[in-house]
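Please open the structure in a viewer and keep the sequence panel visible beside it. The tour below proceeds from one selection to the next and states what is to be found at each stop.

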Amino acid sequence: MKRVVKNLIASTLVMMIAVVLFAFVAPQDQKAGAAWAVPAKYKSMKNTAKKTAELEKVGKLLYTKHCKSCHGGTGLGDGPKAASMKTKINSFKDAKFQAQSDGEIYYESFVGRDEMPNFEKKVLEEDERWAIVDYTRTLK
Amino acid sequence: MKKYIVFIILLSFISTYSFAQDAATDSTGVKEKDKPVRSPFESGYLIDAQTTVIPNVKTLEAVIQHKFGTVGNGHSDLYGIYAAGANIRLGLNYVIIKNFQIGAGITKANMTTDLNAKWTIFQQTRRGTMPLSIALYGNVGIDGRNISAFGSGMVNRDYNDLPVTFKPSDRYSYFSELIIGRKFCDMFSMQAAVSFSHYNAVPVGYDHEKVAVHLNGRIKVSPQGSIIFNYDRPLEIKQISEQFSFVHSSLQNLSFGYEISTSTHAFQIYMGTTKSLLPQETVMTNQNDFTKNGLSNFSIGFNITRLWGF
């Protein structure tokens, strides 16, 4: 009889703890990123990359190395690391993204903010940076 | 014969590549500087070897090198993964000025602490002004075992086999290497190197010095993946040997594997014959022969590197 009571108490306790834990489950939605405040200098920045087959290849290669893990292979924002971000990663296929100037994409890609890291020390050369910008244009 | 092999390897890098002009003129008539080739290798490490690659200035690189036991026992020790005698090295490198890095690491085998430096003297350039990358690498290893581990079998014993006074310098070993590399195309890069190793104290019958040649490279099979290989051959040079015959010759080492690289990481998984992680140990002590017993003398290993820019 004593054992039955003990088991009953233990089961009730476990159930209560489970209920408490469930009460704290909140939806883990990612927040949408605020609008970018791109400095005027970057907005009007001119894309200086020469449109060569070599640079096209470099753009794809560097995108794969530096961007793909978050932005995904086709730019949908569905890379393996995307799910662990607090901010939702927008698709490069969005008309809103593609409507930006090259300079705006450059600023967002290499200067960055918050969860979008700065890549200026990882991609050192201007033509390589523009090659990545050009590659994101092809992902529309 | 061996000197011919070295000569042919080095010649194969240099031949057919002429030294082009140092600056080309673009369509607007502006002279453009010839820039270094992009990523001849993805990391400063290629299995157990060094590459001519040094990360950007003010970059800290952390490296974990892990090598399991030999696969010879099969599934009984999960192909060496659960075998005793795994070797591990933890290291940190920092690029203090462009193309020059310093580093330190500690290896489980003999609790060896190593201090190292690498200098890429020349970088191969895109238009061939400089057709090769040339780097110097050197380290000093400090055997960190208890003093009692020294003595038995060491050359610093007298004729009555009594130990002479142990000197702290007996712990030191040195490795210096000249690396010559070339990225032949986006897919294929290769390096040849010659090294000189020295141990202050060695067991009876061993030489204090050893010269070795090295050959390694990568074949890129996808934007992030490459097949990698490394070969080390210690040379038996009578002129620098202290022995009448090479009884305790170290054996050649062969490794091959696959590398995956991302923005800040390089991950290499491989199989190789040497159980050492420090190059001077491989050159001086490797006794696993890849020409015998199939893959039994190979060990599985992996490297992970992580970069932080400051």
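Select B:K58 to begin: this residue sits in the loop that links β4 (49-50) to β5 (59-70) of chain B. Helices and strands here are DSSP runs numbered from the N terminus, a helix (H or I) having at least four residues and a strand (E) at least two. The model is a predicted one, in which local features need pLDDT of at least 70 and side-chain atom pairs count only at pLDDT 80 or more, while totals for chains, interfaces and linings use all residues. Residues are numbered from 1 along each chain as its sequence is written, and chains are lettered from A and ligands numbered from 1 in the order in which they are written.

Is B:K58 exposed or partly exposed? B:K58 counts as partly exposed because 14 other C-beta atoms lie within 10 Å. The terms work as follows: a residue with 20 or more other C-beta atoms within 10 Å of its own is buried, one with 12 or fewer is exposed, and one in between is partly exposed, the C-beta atoms being placed from the backbone. The backbone of B:K58 has a positive phi of about 65°, although the residue is not a glycine.

**Next selection: B:N110**

Move to the loop between β7 (100-107) and β8 (112-122) of chain B, where B:N110 is located. B:N110 has a positive phi of about 60° and is not a glycine. It is partly exposed, since 18 other C-beta atoms lie within 10 Å. Now add B:D143, B:G144 and B:R145 to the selection; leaving aside neighbours within four places in sequence, these are the residues in contact with B:N110. Contact means that the C-beta atoms of two residues, placed from the backbone, lie within 7 Å. Select B:N87 as well: B:N87 and B:N110 are 23 residues apart in sequence, and their C-alpha atoms are 9.8 Å apart in space.

**Chain B as a whole**

Colour chain B by secondary structure, and 2 helices and 16 strands should appear. Of its 310 residues, 39% count as buried. Among contacts in chain B between residues at least 6 apart in sequence, 60% join residues at least 24 apart.

Then show both chains together. The contact between them takes 8 residues from chain B and 9 residues from chain A. On the side of chain B that touches chain A there are 1 nonpolar, 6 polar and 1 charged residues. In this classification Ala, Val, Leu, Ile, Met, Phe, Trp, Tyr, Cys and Pro are nonpolar, Asp, Glu, Lys and Arg are charged, and the others, Gly among them, are polar.

**Chain A: helix α1**

Select residues 2-23 of chain A, which form helix α1. At 1.5 Å a residue its 22 residues should span 32 Å, and the end C-alpha atoms are 32 Å apart, which agrees. The expected span is 1.5 Å times one less than the number of residues. How many of the 22 residues of α1(A) are buried? The count is 0, and α1(A) is hardly covered.

**Chain A: helix α7 and its partners**

Helix α7(A) has 12 residues and reaches 17 Å from its first C-alpha to its last, close to the 16 Å expected. Its buried residues include A:W130, A:I132 and A:Y135, and the buried residues of α7(A) pack against α3 (53-66) and α6 of chain A.

Display α6 (residues 102-111) with α7 (residues 126-137): the two helices pack at an angle of about 110°, with axes 10 Å apart. Axes are lines fitted to C-alpha atoms, for helices over the stretch in contact, and angles run from 0 to 180 degrees between N-to-C directions. α6(A) and α7(A) are therefore roughly perpendicular, a term for angles of 65 to 115 degrees. Among the residues that meet are A:I105 and A:F110 in α6(A) and A:R129 and A:V133 in α7(A). The residues of this contact divide into 5 nonpolar, 2 polar and 2 charged.

Now replace α6(A) with α3(A), whose axis comes within 8 Å of that of α7(A) and crosses it at roughly 80°.

**Last selection: A:F97**

Finish at A:F97, in helix α5 (residues 95-98) of chain A. A:F97 counts as partly exposed, with 19 C-beta neighbours inside 10 Å. Leaving aside neighbours within four places in sequence, A:F97 is in contact with A:N90 and A:F92.

Notes:
Parallel < 35°, antiparallel > 145°, perpendicular 65-115°, else oblique.
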